[in-house]
Amino acid sequence: MPRRHRRLGVRSRVTAAFALGALALSVALSTLTYFTARQYFLHERQTAVLRQAYVNANLVRAALRSTQPDIPPLLASLDTVPGSRSVLYDRGRWFATSLTVGRDAIPAHLRSQVTGGTPASQRFSLAGSLQMGVGIPIPVVGGAYFEVFSLQELDHTLRILALTLAAGSVAITLAGIVLGRWASGRALRPLGDVAHAAVAIAGGRLDTRLETFDEADLATLASSFNRMADRLQERIEREARFTSDVSHELRSPLTTLSTSIGVLEARREDLPDRSRQAVDLLAAELRRFQHMVTDLLEISRFDTGSAELSLDDVRVDELVQHAVQAGGNGALPVELAPDVAGLQVSVDKRRIERVVANLVDNASVYAGGVTRLAVEASDDTVRLIVEDAGPGVPAEGRERIFERFFRGSAAGRRGAGDGTGLGLALVAEHVRLHGGRVWVDDRPGGGSRFVVELPIRAAPAGPVAEAAPV
């Protein structure tokens with residue numbers, strides 16, 4: 001399976017681009033500057049050395065044409081630049097002004113080329129120091145004049161220049177990182193505002209809009225986003241009104257049908273067997289239809305923002321036990337943690353009873369029934385836990401299972417259509433209205449584990465008589 005690499009964020013990539021650009025530019029400029037300066041300094045030094053060497057060579061040639069030239073004083077009297085040493089070849093003999101720089105110090109190639117009659121120069125290293133040797137043949141006397149100049153000072157200057165340019169490249173690269181970070185932050189700030197607005201709209205705050213940007217390009221983005229949000233809000237509100245209106249319109253005929261079914265059920269024993277079966281089926285479908293209409297009305301109130309909490313301070317243990325009994329599941333045991341006893345919370349009793357009833361019904365219809373119903377307290381929250389013995393919920397469906405009419409693997413399966421498809425969606429809406437959250441994970445040993453977490457709004461362990469009756 002190919003390994004997936006996490007990509008850098010946009011801001012990090014822009015910062016990296018600035019840093020790499022600054023690094024490439026600074027390295028290119030530093031390299032160009034170093035080699036240009038190096039070439040210039042070497043050329044200037046070599047020109048000065050050659051000029052001085054030719055002058056000295058002419059003086060030596062004039063002296064050697066005399067009858068008995070005194071060579072050592074002659075070499076010592078030459079005008080040379082500081083650090084230079086003279087070497088003379090005269091009819092098979094070698095003379096030098098320095099004990100350390102003589103015949104053997106001059107490269108063999110340079111010696112052979114100059115003594116062969118060709119002027120030449122060469123840079124070489126002597127005892128770890130950079131030197132420059134210049135050789136000028138003196139053919140009229142069969143000799144050759146050499147001067148060896150030290151380039152150590154120039155080499156030291158070039159090293160300092162290289163270090164300075166390298167430090168400058170590092171500084172420019174760091175400046176590029178800072179500039180890239182600042183520029184990417186300013187450039188992406190409007191996109192951050194768009195992302196926050198989109199998250200707010202996705203979370204149900206449909207009236208969220210972007211402020212108008214000063215830049216012309218971004219102004220178009222803001223106006224387009226706001227128009228899209230306007231149309232989305234209008235469409236959602238229109239669909240919510242449609243659902244609410246249809247549900248309201250259905251209540252009257254459903255009431256009439258329910259009354260008629262009630263009359264038929266009262267005379268059920270007088271009906272033939274086939275008619276009794278038809279009445280039973282009709283009554284069951286009618287109750288399911290009424291349940292669905294009730295759920296749709298509740299959903300429409302959430303969509304239109306008209307759902308409100310009617311809070312009461314109640315004891316958690318009594319609330320859950322009463323909810324179980326009210327849902328017709330009185331035989332279902334409720335497991336209460338020790339720290340839950342006497343704990344009071346401020347909740348909307350009707351909505352929490354509906355949450356418990358829907359979770360129990362979901363387990364009964366789709367997962368073979370509830371295996372454990374428990375209440376636990378943790379810090380400033382209280383958790384209601386409902387476990388079942390079903391096949392569990394795949395990881396990819398644990399968010400969608402709280403969507404409206406989502407049935408997952410039960411979709412299309414015979415015998416799995418008794419629910420309205422709105423029960424868990426209403427659970428999520430009721431819990432969200434209380435500021436809590438709900439999720440599902442695996443139950444140890446198989447099955448699902450639904451957890452409702454609600455904030456504790458009231459102080460715990462108050463006198464029981466102060467709590468509202470459940």
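Colleague: In this predicted model, how many bridges join strand β1 to β2, and how do the two strands run?

Modeller: Strand β1 covers residues 85–90, and four bridges connect β1 with β2 in an antiparallel arrangement. As a particular case, Val87 is placed opposite Ala96 of β2.

Colleague: What is the order of the strands in the open sheet?

Modeller: The sheet has five strands, ordered β2-β1-β5-β4-β3, and their pairing is antiparallel. The edges are β2 (93–96) and β3 (120–126), each of which pairs on one side only. On average, neighbouring strands of this sheet are turned by 20° against each other, direction ignored.

Colleague: How should one read a salt bridge, and how many does a search of the whole structure find?

Modeller: A salt bridge requires a side-chain nitrogen of Lys or Arg within 4 Å of a carboxyl oxygen of Asp or Glu. The search finds 25 of them in the whole structure. One joins Arg383 and Glu453, whose closest N and O atoms are 2.8 Å apart. Arg383 belongs to strand β10 (residues 381–388) and Glu453 to strand β12 (residues 448–455), so this pair ties together parts 70 residues apart in sequence.

Colleague: Is Arg315, which meets Asp317 in a salt bridge, buried or exposed?

Modeller: A residue counts as buried under 20% relative accessible area. Arg315 is at 14% and is therefore buried; Asp317, at 8%, is buried as well. Their side chains meet at 2.9 Å, N to O.

Colleague: Which residues are linked in a network of salt bridges?

Modeller: The network links Glu335, Arg372, Glu376, Glu387, Asp441 and Arg449.

Key
Residues are numbered from 1 along each chain as its sequence is written. This is a predicted model: local features need pLDDT of at least 70, side-chain atom pairs count only at pLDDT 80 or more; totals for chains, interfaces and linings use all residues. Side-chain values use heavy atoms; hydrogens and water are left out. Two strands pair if DSSP finds at least two bridges between them. Axes are lines fitted to C-alpha atoms, for helices over the stretch in contact, and angles run from 0 to 180 degrees between N-to-C directions. Buried means under 20% relative accessible area, exposed over 50%, partly exposed in between (1.4 Å probe, protein chains only).
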